[in-house]
Amino acid sequence: MVSFNPQDNTQVCITGNGIFKLFRYTEGTLKQTNFQRGEPQNYLSHVWLTEDRVMVGTDTGKLFLFESGDLRWETSIECKEPPSEVEKDELAHESESLIEFPTASSPDLSSEMLCEAVGQQQASFPQISAIAAYSKGFACSAGPGVVLLFEKTEEKEGYRENREIRIPQDQRSSDPNQSDKQDVMCMCFSPSEETLLISTSKNQLYIFTMSSTEIIKGEPAHFEYLNFPLHSAAITGLDICIRKPLVATCSLDRSVRIWNYETNTLDLYKEYQEEAYAVSLHPTGLYVLVGFSDKLRLMNLLIDDIRTFKDFTVRGCRECTFSNGGHLFAAVNGNVIHIYSTTSFENVNNLKGHNGKVRSVIWSADDNKLISCGTDGAVYEWSLLTGKRESECVLKSCSYSGVAISPDAKIIFAVGSDQTLKEISDSSILREVPTFDVTYTAIVVSHSGRMVFTGTSMGTIRSMKYPLPVHKEFNEYQAHAGPVTKMSITCDDQFLLTVSEDGCLLIWKVYDKEGRGLKREKEVGYAEEVLITKTDMEEKTQVMLELKTRVEELKMENEYQLRLKDMNYNEKMKELTEKFIQEMESLKTKNQVLKAEKEKQELQYQEQLSELMEKQSREVQDLESGNNQKLLLEYEKYQELQVKSQRMQEEYEKQLHDMEETKNQALEELTEYYEAKLHEKTTLLEEAQDDARQQLREFEETKKQIEEDEDREIQEIKIKYERRLREERESNLRLKGETGIMRKKFNSLQKEIEERSNDIETMRMEQQKLQGVIKSLEKDILGLKREIQERDETIQDKEKRIYDLKKKNQELEKFKFVLDYKIKELKKQIEPRENDIKAMKEQIQEMEGELERFHKQNMQLELNITELRQKLKATDREMHKEQQKERDMEALVKRFKTDLHNCVGFIQEPKKLKEGIRELYDKYVQQADMVEIVGVDTDLQQEYTRQREHLERNLATLKKKVVKESEIHRADNVRIMQENVSLIKEINELRRELKVTRTQVHDLQSALGLNRKNKKQGIPDTVPSRDLLPSPSVLRLNVEEETERIIEMQRLEIKRLRDQIQGQEHVLALRPLSGGRLPMLEIERSHGTQPQ
């Protein structure tokens, strides 16, 4: 961030990540006027408070006040939650307090958890992204949705927080809790300092009146929208209607908004759960069509709401538009254009022909044609009567983004990625107008057909006449900060509306060359009708009726109450007047009575006064006589006391004389003692003074040497520049002599003499510059001297620090020696435990070997079982075949017997008998041949069985090889797993040792801290006490418990494995042999999980 000083335009302040620099512009260059000290911060914002004061904000919630580049004041800002969320946070903290988190020293705490904790800690600091100054102080952002006002205190350089202002929640939003979580990007005060204006990260503008802070100081302050809520993301859709001055927009912020371009207000606004890609207003202004990511929705524009009326299954609709008559609408789904009826909601037609996505669709004035363009470089003209293309223009090298049509529907205008504006008619390009290195993204033609407006990817708007100019003849206006997405012009050509990816909607007034607004051909008033549902109307009428009845009832009640109050007040008035009259009469009578009593009391007081005066005179005489007698007695007593005092004075004088003598003796003794001590102290003082003088001499000598070195350097620089000056002077004298000679000799060389005189002037200027350089160098020398003094002081401080660190290092070495000895003792204690662990490991390995042998035996048995089963299946198949053959032969014999019996019945008839025998021959002799063939088949079956047995033997050998190789691989896997287990154990042991050493270092550091405190208090204790150093048993207690726990777990695992082996043996002994496999060993898994 860079800013000029408002009071001094030669001063510049620059801030950034680790950068805070002040520059002054002098002599054509920028010179830095401050030197950054302390740790660098990420400075996000700054503001000039006065001519030499700068307030700077960081990303960690810190405010720094710099005066002339030096830090004068700083404070930190904490994230403050709104009052509504404090109760929720308290409940959350109560629930979180029940959870125990591991300490930072535990090995279970990973670095990721630490990083997350640090990230949360950093996220708790508010980022001060904007600061603005005003006369009483300054305002700064304090995290999402919060602005703090600071006022100057009565102190010299301090500021205190005076007011907190928050962005309110938008109840009309789909997520009101997120509407107040906006980062403040910029803020400024009005010149009169009556209002504060801010802009947020969601493109919203808020205002706050400063006078409200003085009126209501107890209540929380909130910002208000400057006008109305704006779009916070890119606007994807724009459309207008004919009968009303309305504009509909939709955006990627999931909102649909209805604006009025005549009053410049927001009429309706609603947010949804899905993103809105396209929007279209019905010509009547009563309906709106919105394309969401999941479906297309037709909605009614009610008086205070946008309500869905019909859903269409068109997913991801990027373009939709109503026809000019409003009876049809087109919706784009990818590369297909669907035509629907607005009245019956039927899909009238589907226009297919584009190979890419359709980017723009527009209707002709008579709604008989539809023009579309897409990313495939095609511009199609569709006839809605036939549903077919009437004309087409395809240019695959161009991806079209916008299309428009002339009022007579004869000429099509298209813009795309090839940086040209194309004029198309009858399937051919009439003209291509270059865009001059800019891509057009949108186009619109006025209803008069005389003007064409285009939007560019740079956010500018161009207006040009029709016919289109060939040269650069157009007006260009800078409008948006992003590419223009949509454009539209009103039916009367009065207003041009543009939207962009920057989330802004701009309304342009269209003027002619002379600056006059275009005249409307027909003054047609806009419709004022609005939609309202029957239920809403009934509810409102019911509410109105209820309110009317309520008003009448209230009127009756008020009239009745007024009458009652009048009657009551009249009665009260009468009572009060009577009461006042009675009181006045009673007061008059009381006044007369009091006057009479006053006169009586005056007479009584006069009589009492006369009596008192006589009594007082008598008492005064009695007192005078009594006092005279008392005075005589007191005088006698005084004389006696005076005699006693004289005696006492004589005694005290004697005592004082004795005390003075003793005092003089004690004084003489003390003076002698203290004179001896004074002599000793004077000798010590003289020695200290000698040391001080010696140190002063050394200091003066070093000072003299430094001064001499500096004087020598200055002298050398002076001599150098004096030599240069002398040389220049000599050259000047020589040149003057030469010029005098040349004047006498040659008058023609006057021009050269003038040139030499100019050279002399330049040399004088250089001389002056050199003198300025000398002065600046002298200033630098003084600055260097000051730096030398400061560095000497810092060197002395660092030497003291080094001396202290050396002492601490010696103490730490002593502690290290003690700890090494204790570590050796602990290692000796660990060795027997390690031997036990090794023995346990050997037992585990033996058990693993036994398990492997059992596994091998089970595998062999499984192979035998499979072979026997296969043989059994083969014999079963052969037996079934033989049985089938036997059945066939029996059936053949039976049939032969029956046929023979029938032939025997014709024994008396030779012809029939002969025919029967011939039939028997034909029938059964062929079957006998078949029997022989079957016999041949038996030989083939024997060959087949022999070959099958050979293949089974080969398969058995291959299976044995596979089993051997699998055993080898399994052994390798077991070996690798064992190595991994040993490595994991070593890693865990190293972790434990690291944990122990960390705890020891922590205890040592705490012990050192206590020792330092003791030393500061004056207790000379070089060796640390036993209370500070932890005993070896305490240091190693957790590790021993952990090793015992691991050994106990390993014992339980071994016992479990033995039980499992016995159960498996028992099952194998009881059950018959089967093809099932034994369960997989879990030794590796147990070894893998134990050490962790």
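**Exercise 1. A serine in a strand**

In which strand is Ser 463 found? Classify Ser 463 as buried or exposed, and list its contacts beyond the neighbouring sequence.

*Solution.* The structure is a predicted model.

Step 1. Ser 463 belongs to strand β40, which covers residues 460–465.

Step 2. The relative accessible area of Ser 463 is 9%. Buried means under 20%, so Ser 463 is buried.

Step 3. Once neighbours within four places in sequence are set aside, the residues in contact with Ser 463 are Met 451, Val 452, Phe 453, Phe 474, Asn 475 and Tyr 477.

**Exercise 2. A glycine in a loop**

Locate Gly 482 relative to the strands, decide whether Gly 482 is buried or exposed, and describe its surroundings in space.

*Solution.*

Step 1. Strand β41 spans 475–478 and strand β42 spans 484–489; Gly 482 sits in the loop between them.

Step 2. Gly 482 has a relative accessibility of 9% and therefore counts as buried.

Step 3. Without its neighbours within four places in sequence, Gly 482 is in contact with Ser 457, Met 458, Gly 459, Ser 500 and Asp 502.

Step 4. How far apart in space are Gly 482 and Cys 504? Their C-alpha atoms are separated by 9.4 Å, while in sequence the two residues are 22 residues apart.

**Exercise 3. The chain as a whole**

Give the secondary-structure content of the protein chain, the share of its residues that is buried, and the make-up of its exposed area.

*Solution.*

Step 1. The protein chain contains 10 helices and 44 strands.

Step 2. It has 1092 residues, of which 29% count as buried.

Step 3. Among contacts in the protein chain with a separation of 6 or more, 47% involve residues 24 or more positions apart.

Step 4. The area exposed by the protein chain is about 75,800 Å², and carbon and sulfur atoms supply 53% of this area.

**Exercise 4. Salt bridges**

State how many salt bridges the structure holds. Then examine the pairs Arg 389 with Glu 392, Arg 693 with Asp 690, and Arg 975 with Asp 972.

*Solution.*

Step 1. Side chains of opposite charge can pair when their charged atoms come close. The structure holds 29 salt bridges.

Step 2. Arg 389 and Glu 392 form a salt bridge through their side chains, at 3.2 Å from N to O. Arg 389 is partly exposed at 38% relative accessibility, and Glu 392 is partly exposed at 38%.

Step 3. Arg 693 and Asp 690 are joined by a side-chain salt bridge of 2.6 Å, N to O. Both residues lie in helix α5, 3 residues apart, which is about one turn of the helix. Arg 693 counts as partly exposed at 39% relative accessibility, as does Asp 690 at 42%.

Step 4. In the salt bridge between Arg 975 and Asp 972, the closest N and O atoms are 3.9 Å apart. A salt bridge requires these atoms to be within 4 Å, and the pair is counted as one. Arg 975 and Asp 972 are about one helical turn apart because they are 3 residues apart in helix α7. Arg 975 is partly exposed at 42% relative accessibility, and Asp 972 is partly exposed at 31%.

Step 5. Lys 270, Asp 305, Arg 307 and Asp 536 are linked into one network by salt bridges that share partners.

**Exercise 5. Charged surface patches**

Identify the residues of the negative surface patch and of the positive surface patch. Which helix gives the most to the negative patch?

*Solution.*

Step 1. The negative surface patch consists of Glu 831, Glu 834, Glu 986, Glu 989 and Glu 993.

Step 2. Helices α6 (750–904) and α7 (910–1017) each supply at least two residues of the negative patch. With 3 residues, α7 gives the most.

Step 3. Glu 834 is located in helix α6. Its relative accessibility is 39%, so Glu 834 counts as partly exposed.

Step 4. The positive surface patch is formed by Lys 720, Arg 723, Arg 724, Arg 726 and Arg 729.

Step 5. Arg 729 lies in helix α5, residues 534–745. Exposed means over 50% relative accessible area; Arg 729 has 53% and is therefore exposed.

Key:
Residues are numbered from 1 along each chain as its sequence is written. This is a predicted model: local features need pLDDT of at least 70, side-chain atom pairs count only at pLDDT 80 or more; totals for chains, interfaces and linings use all residues. Side-chain values use heavy atoms; hydrogens and water are left out. Helices (H or I, at least four residues) and strands (E, at least two) are DSSP runs, numbered from the N terminus. Buried means under 20% relative accessible area, exposed over 50%, partly exposed in between (1.4 Å probe, protein chains only). Contact means heavy atoms within 4.5 Å. Patches are made of residues with over 30% relative accessible area and no salt bridge: like charges are joined within 9 Å, nonpolar side chains (Val, Leu, Ile, Met, Phe, Trp, Tyr) within 5 Å. Accessible areas come from the Shrake-Rupley method with a 1.4 Å probe; for residues, only the protein chains shown count as cover. Lys and Arg count as positive and Asp and Glu as negative; His and the chain ends are not counted. The place of a charge is taken as NZ of Lys, CZ of Arg, CG of Asp or CD of Glu.
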